Amino acid sequence: MRNIINILDLSVEEINELIRTADDMMENPDRYREVCRHKILATLFFEPSTRTRLSFESAMLSLGGQVLGFSEAGSSSAAKGESISDTVEVVSGYSDIIVMRHPKEGAPLVASMHSTVPIINAGDGGHYHPTQTLADLLTIHHEKGRFENLTVGLCGDLKFGRTVHSLIEAMSRYSGVRFVLISPEELKLPSFIKEEYLDGKGIEYQESTSLDAVMGDLDILYMTRVQKERFFNEEDYLRLKDTYILTTDKMKLARPDMIVMHPLPRVNEISTAVDKDPRACYFRQTYYGKMMRMALIMMLLEVTV
Ligand code: NCD
């Protein structure tokens with residue numbers, strides 16, 4: 001039985017296989033309509049979500065399976081003080097696969113030690129978010145046609161942004177990838193990522209507080225929101241939240257083939273006028289996310305067409 005707690009739980013070859021399956025699903029959706037019949041996916045969301053939870057539910061329903069779960073800690077027994085291990089012990093008796101989001105780093109890993117069914121981490125605090133990375137990788141595959149030799153700009157909250165951490169881990173396995181880390185001083189990439197995946201692997205990167213200064217160098221601009229819920233102090237959040245706002249004027253500084261990605265939800269960091277720019281990929285990215293989640297569910301449940 002396999003769990004996906006970190007994107008590196010999947011090898012490069014397995015990611016390629018998920019991409020092949022997702023591509024086939026887009027071309028031949030009918031072949032996949034019943035493959036998870038009688039299988040149940042449980043979503044345990046102790047933290048708010050729209051896309052991730054609904055895309056997992058939609059993914060399982062599109063595979064012919066069924067879904068159950070809760071979407072906030074307040075409506076589960078967590079509100080009565082139940083431990084994660086007890087919740088998971090029970091829910092693994094009710095389902096074939098569990099998707100879990102939790103505000104505490106490491107919670108899905110703990111869950112996986114008490115589960116008899118596969119656990120997928122759908123975001124643990126300021127740590128990781130591996131299935132968002134699967135969405136990001138399919139987007140890059142379709143929009144850029146390769147993972148190698150890309151300059152990837154990551155902009156916004158690099159400290160708490162778990163999608164950024166997982167994407168760096170995943171992209172650090174491809175040759176010729178260079179990162180440009182764009183953030184205010186207070187929201188720089190944490191050392192647990194920098195030391196292990198950048199310095200540790202000898203990967204080229206540059207840090208900048210200015211988006212304009214580096215815009216023209218990028219193949220990919222990955223924008224993120226400032227993670228309000230992880231701040232201890234509202235004043236700091238208010239001061240930092242609008243540091244970077246991508247506008248149509250700023251897009252003029254970018255290469256004609258640069259793509260803009262964002263895990264969503266967007267707050268202010270991308271002006272809605274940018275949505276019409278063909279380089280804006282963030283809504284396509286959500287569709288790719290569903291496809292990769294379908295492929296991942298099939299892989300973990302060991303079902304084939
Ligand atoms: C992200 C998350 O939850 O980390 N959202 C998502 O799953 N697409 C990004 C965010 O909340 O900013």
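# Reading a helix face, a buried residue and cavities

Mentor: Let us begin with helix α7, whose buried residues are covered by elements that include α6 (162–171), β6 (178–182) and β7 (205–208). Helices (H or I, at least four residues) and strands (E, at least two) are DSSP runs, numbered from the N terminus. The model is predicted, so local features need pLDDT of at least 70 and side-chain atom pairs count only at pLDDT 80 or more, while totals for chains, interfaces and linings use all residues. Residues are numbered from 1 along each chain as its sequence is written, and side-chain values use heavy atoms, with hydrogens and water left out.

Trainee: Which residues of helix α7 are buried?

Mentor: An α-helix has 3.6 residues a turn, so residues three or four places apart point the same way. In α7, which runs over residues 191–199, the buried ones (under 20% relative accessible area with a 1.4 Å probe, protein chains only) are I193, K194, Y197 and L198. Seen down the axis of α7, these fall within an arc of 110° (taken from the directions from the helix axis to the C-beta atoms), so they line one face of the helix.

Trainee: Is L301 buried or exposed?

Mentor: L301, which lies in helix α10 (residues 282–301), is buried, because its relative accessible area is 14%. Leaving aside residues up to four places away in sequence, L301 touches (heavy atoms within 4.5 Å) C36, K39, M60, D96 and I97. I97 is 204 residues from L301 along the chain, yet 7.6 Å separates their C-alpha atoms.

Trainee: How many cavities of 30 Å³ or more does the structure hold?

Mentor: Rolling a probe the size of a water molecule over the atoms shows where empty space is left. A cavity is a set of points on a 1 Å grid over the protein atoms alone where a 1.4 Å probe fits but cannot get out, and lining residues have an atom within 4 Å of a point. The structure holds three cavities of 30 Å³ or more, and the largest has about 60 Å³ of space, the volume filled by probe spheres set on the points, which are joined across faces, edges and corners.

Trainee: Which elements give two or more residues to the lining of the largest cavity?

Mentor: They are α2 (51–62), α5 (130–144) and α10, and α10 gives the most, with five residues. Among the lining residues are R51, Q132, H262, Y282 and R293.

Trainee: What lines the second largest cavity?

Mentor: The second largest cavity, with about 40 Å³ of space, is lined by G156, M223, T224, R225, V226, K241, Y244 and E269.

Definitions and conventions
Buried < 20%, exposed > 50% of the residue type's maximum accessible area, 1.4 Å probe, protein only. 1 Å grid on protein atoms, 1.4 Å probe; cavity = no way out; pocket = protein on both sides within 12 Å on 5 of 7 lines; lining within 4 Å.
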